[in-house]
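Hi there,

Here is the structure I promised to pass on. Have a look at it first, and then read on for what turned up in it.

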Amino acid sequence: MPLTVSAEPYAYTLPEPGTALVVIDMQRDFVEPGGFGDTLGNDIGRVAAIVPTVARLIAFARSRGWTVVHTRESHAADLSDCPPAKRTRGSPSLRIGDEGPMGRILVRGEPGNAIVDACAPVAGEIVLDKPGKGAFYATRLGELLQARGVTHLVLAGVTTEVCVQTTMREANDRGYECLLVEDATESYFPEFKSATLDMVRAQGGIVGWTAPLAALEAAAG
Ligand code: C5J
């Protein structure tokens with residue numbers, strides 16, 4: 001049965017089955033002190049605050065039987081999948097691959113690279129390591145979704161204007177109908193989050209739809 005959600009710029013109808021929740025980069029490296037986000041000088045409190053809402057959304061998706069995808073922005077230990085331009089950009093106190101308080105920054109398998117406990121994947125869910133900002137770039141996401149007959153993506157995670165928006169645009173170009181959950185995504189910069197929500201749903205939903213989690217829950221009754 002399809003579920004119709006009160007959304008912007010107009011109602012969003014998702015099929016069940018056929019919908020996947022894609023949770024972007026809810027990793028200690030972005031949310032906790034000493035991680036990548038922190039070393040770039042950001043206020044991590046803003047993104048840490050959405051953890052309970054993302055956990056509630058994941059529980060909702062599980063209760064509906066959706067495909068659940070978790071991504072991690074991460075690199076191989078030898079940094080062979082990290083372009084020098086990405087590593088040298090800006091002036092962080094610690095660069096990708098450097099040793100930080102939670103292990104090597106943004107390196108696969110390090111403690112800081114793990115998804116925060118409250119949003120941790122369970123058996124049967126898809127966990128994807130991605131070297132880029134978009135979740136389709138250099139991953140198997142497209143083929144995994146296609147194999148499951150997924151046509152609609154509900155997106156959440158951090159940060160709104162970087163990895164979440166990049167993934168949503170990649171998905172939109174690939175023909176997916178996408179909804180971004182407003183209170184289950186966050187940026188270190190409130191104005192960037194707000195602008196991203198506006199951009200996504202402008203021009204009749206040029207990239208997709210947005211709605212708060214409560215709208216999804218209400219649609220499900
Ligand atoms: C960033 C991300 N902001 N997950 N990564 O570098 O959005």
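A word on names before anything else: helices (H or I, at least four residues) and strands (E, at least two) are DSSP runs, numbered from the N terminus. With that in hand, Pro 9 can be placed in the loop between strand E1 (3-5) and strand E2 (12-14). Please keep in mind that this is a predicted model, where local features need pLDDT of at least 70 and side-chain atom pairs count only at pLDDT 80 or more, while totals for chains, interfaces and linings use all residues. Residues are numbered from 1 along each chain as its sequence is written, and side-chain values use heavy atoms, with hydrogens and water left out.

Let me start with the sheet. Two strands are taken as paired if DSSP finds at least two bridges between them. On that basis there is an open sheet of 6 strands in the order E7-E4-E3-E8-E9-E10, with parallel pairing. Its edge strands, E7 (126-130) and E10 (209-211), each pair on one side only. From one strand to the next the twist averages 25°. For angles, axes are lines fitted to C-alpha atoms, for helices over the stretch in contact, and the values run from 0 to 180 degrees between N-to-C directions. Contact, here and below, means heavy atoms within 4.5 Å. Helix H8 (residues 190-205) packs on the sheet and touches E9 (177-186) and E10, with a direction at about 165° to that of E9.

Strand E3 (residues 19-24) is joined to E4 (residues 67-73) by 5 bridges and to E8 (residues 152-158) by 6 bridges. Leu 21 has Val 68 as its bridge partner in E4, and Val 23 stands opposite His 70 in that strand. Towards E8, Ala 20 stands opposite Leu 153. Further out, 5 bridges join E4 to E7, and Arg 72 has Asp 129 of E7 as its bridge partner.

How much of E3 is buried (under 20% relative accessible area, with exposed over 50% and partly exposed in between, for a 1.4 Å probe and protein chains only)? 6 of its 6 residues are, so E3 is largely enclosed by the rest of the structure. Thr 19, Leu 21 and Val 23 are buried on one side, and Ala 20, Val 22 and Ile 24 on the other. In E7 the side chains alternate: Ile 126, Leu 128 and Lys 130 point to one face and are buried, whereas Val 127 and Asp 129 point to the other and are not.

Next, the interior. A nonpolar core is a set of buried Ala, Val, Leu, Ile, Met, Phe, Trp, Tyr and Cys residues joined through side-chain atoms within 4.5 Å. The largest one has 44 residues, of which Leu 21, Met 26, Val 154 and Leu 216 touch the most other members. Helix H4 (residues 51-64) gives the largest share of this core, 6 residues. A second, separate core of 24 residues includes Val 150, Met 168, Leu 197 and Val 200. Beyond its neighbours within four places in sequence, Val 154 has contacts that include Tyr 12, Trp 66, Leu 179 and Leu 216.

You may want to look at the largest pocket, which has a volume of about 600 Å³. On a 1 Å grid over the protein atoms alone, a pocket is an open set of points where a 1.4 Å probe fits, with protein on both sides within 12 Å along at least five of seven lines; lining residues have an atom within 4 Å of a point. Grid points are joined across faces, edges and corners, and the volume is the space filled by probe spheres set on the points. The lining has 27 residues, and Phe 36, Leu 40, Lys 86, Lys 133 and Val 162 lie nearest the centre. Helices H2 (36-39), H5 (84-88) and H7 (160-173) are the elements that give two or more residues to the lining.

Finally, three single residues:

- His 75, in the loop between E4 and H5, is buried at a relative accessible area of 0%.
- Thr 39, in helix H2, counts as buried at 9% relative accessibility.
- Pro 9 is partly exposed at 33%, and its C-alpha atom is separated by 6.3 Å from that of Trp 209, 200 residues apart along the chain.

Happy exploring!
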